[in-house]
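Colleague: I am new to this one and would like to understand the words you use for it. Could you walk me through them?

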Amino acid sequence: MTTFTDPQAAAPAETRAGGSGRVPEQRRRTFGQWFRHKGWRHVVGVVTTLFAVFPLLYVLSAALNSNGTMAGSNVLFSRFDTGNFEALFSNPSRPFGRWFMNTMIIGVVTSAATVFLGALAAYAFSRMRFKGRRVSLLSLLILQMFPQLLAVVAIFLLLNAITDVVPWLGLGSQLGLIMVYLGGALGVNTYLMYGFFNTVPKSLDEAARIDGASHVQVFFTIILPLVTPILAVVGLLAFIGLSSEFVIASVVLTDPDSQTLAVGLYSYVAQQRSENWGVFAAGAVLAAVPVMALFLFLQKYITTGLVSGSVKG
């Protein structure tokens, strides 16, 4: 025998009495309970944010204070003037504008070439099957564990020997520095792109190949538009790393007119008794503008590119 239950009779007494169908409000938690469950996270977030923002505010305050010392800028934004920025562009022996353009040229060219070479290598590892494929991919990843800093002496000797034969590719040339950077461009970037390329269905390649498309046509017309997020991420990371690279650039670029921002700005604080931290801070603020603008422009691709590239490999 089937038993039917009256929904109104089964409802709580408060609901039946009020007739509004609302569940009674839960008891408010005390401040201690809230802090124990969630509040401490807000405290950690605020402290971390202050810890990260304070150095940026300090550098900006020093850039806007033309007293010339960092010790005199203990009080943030105690003075506002553009003296440091004027001194930055008025010194002929330290051409900041030339340094800025050199950094942009080297960064853009190297980043674009890094993305292109990495995409070619990732496509080959993802779509082609050849002898030594796994060993080559693992070798790229292992070699990337050793930074180019360990090869500074070898790079210097190699470029010094090349200078006698091909001067425009040896020491003091920006093209030589770009080639050195491209030599270490593969590795993690290729492995990251390889994981993202594997998320693209191979059925798209097969359909294009049936229609008569070659590997080049498949790569440029089908694969590249679908992997735009990872291309943007790799290009952004490469540009950020190159814009702040100092050691190799200081060894390769010997002419002040061909130096980058990282090498040129170091001359303001290199000598112990002639430090000019205010002008250095002004240059650092201007040097951060292109990186920040590029980061904001490509921000929508960062999460998608990193997460999708690490799921499948």
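Modeller: Happily! Let's begin with the word contact: two residues are in contact when heavy atoms lie within 4.5 Å. Keep in mind that this is a predicted model.

Colleague: With that meaning, which residues is Ala119 in contact with, leaving aside its neighbours within four places in sequence?

Modeller: Those are Met193, Phe197, Phe219, Leu224 and Leu231. Ala119 is also among the residues with the most contacts inside the largest nonpolar core, which has 24 residues.

Colleague: What makes a group of residues a nonpolar core?

Modeller: The members must be buried residues of kinds such as Ala, Met, Phe, Ile, Val and Leu, joined through side-chain atoms within 4.5 Å. Met193, Phe197, Ile223, Val227, Ile230 and Leu231 are listed with Ala119 as having the most contacts inside this core.

Colleague: Which helices each supply at least two residues of this core?

Modeller: They are helix 5 (96-127), helix 6 (133-143), helix 9 (188-197), helix 11 (215-226) and helix 12 (228-243). Helix 5 gives the most, with 6 residues. There is also a second, separate core of 16 residues, which includes Ile155, Ile178, Val180 and Ala249.

Colleague: Why is Phe31 called exposed?

Modeller: Exposed means over 50% relative accessible area. Phe31 has 61%, so Phe31 is exposed. This residue is found in helix 3 (residues 31-63), and together with Trp34, Phe35, Trp40, Val43, Val44 and Val47 it makes a nonpolar surface patch of about 680 Å².

Colleague: How do you know that Arg127 and Asp205 meet in a salt bridge?

Modeller: The cut-off is 4 Å between a side-chain nitrogen of Lys or Arg and a carboxyl oxygen of Asp or Glu. For Arg127 and Asp205 the N to O distance is 2.5 Å, within the 4 Å limit, so the pair counts as a salt bridge. The pair links distant parts of the chain, with Arg127 in helix 5 and Asp205 in helix 10 (residues 202-210), 78 residues apart. A search of the whole structure finds 1 salt bridge.

Colleague: Are these two partners buried or exposed?

Modeller: Buried means under 20% relative accessible area. Arg127 has 15%, so Arg127 is buried. Asp205 has 7%, so Asp205 counts as buried too.

Colleague: And how many helices and strands does the chain have?

Modeller: The count comes to 16 helices and 0 strands. Of the 313 residues of the chain, 35% count as buried.

Conventions
Residues numbered from 1 in each chain as written. Predicted model: local features only at pLDDT ≥ 70, side-chain atom pairs only at ≥ 80, totals over all residues. Heavy atoms only, no water. Buried < 20%, exposed > 50% of the residue type's maximum accessible area, 1.4 Å probe, protein only. Helix = DSSP H or I, 4+ residues; strand = E, 2+ residues; numbered from the N terminus. Patch = residues over 30% accessible without salt bridge, like charges linked within 9 Å, V, L, I, M, F, W, Y side chains within 5 Å. Areas by Shrake-Rupley, 256 points an atom, 1.4 Å probe, with all protein chains shown as cover.
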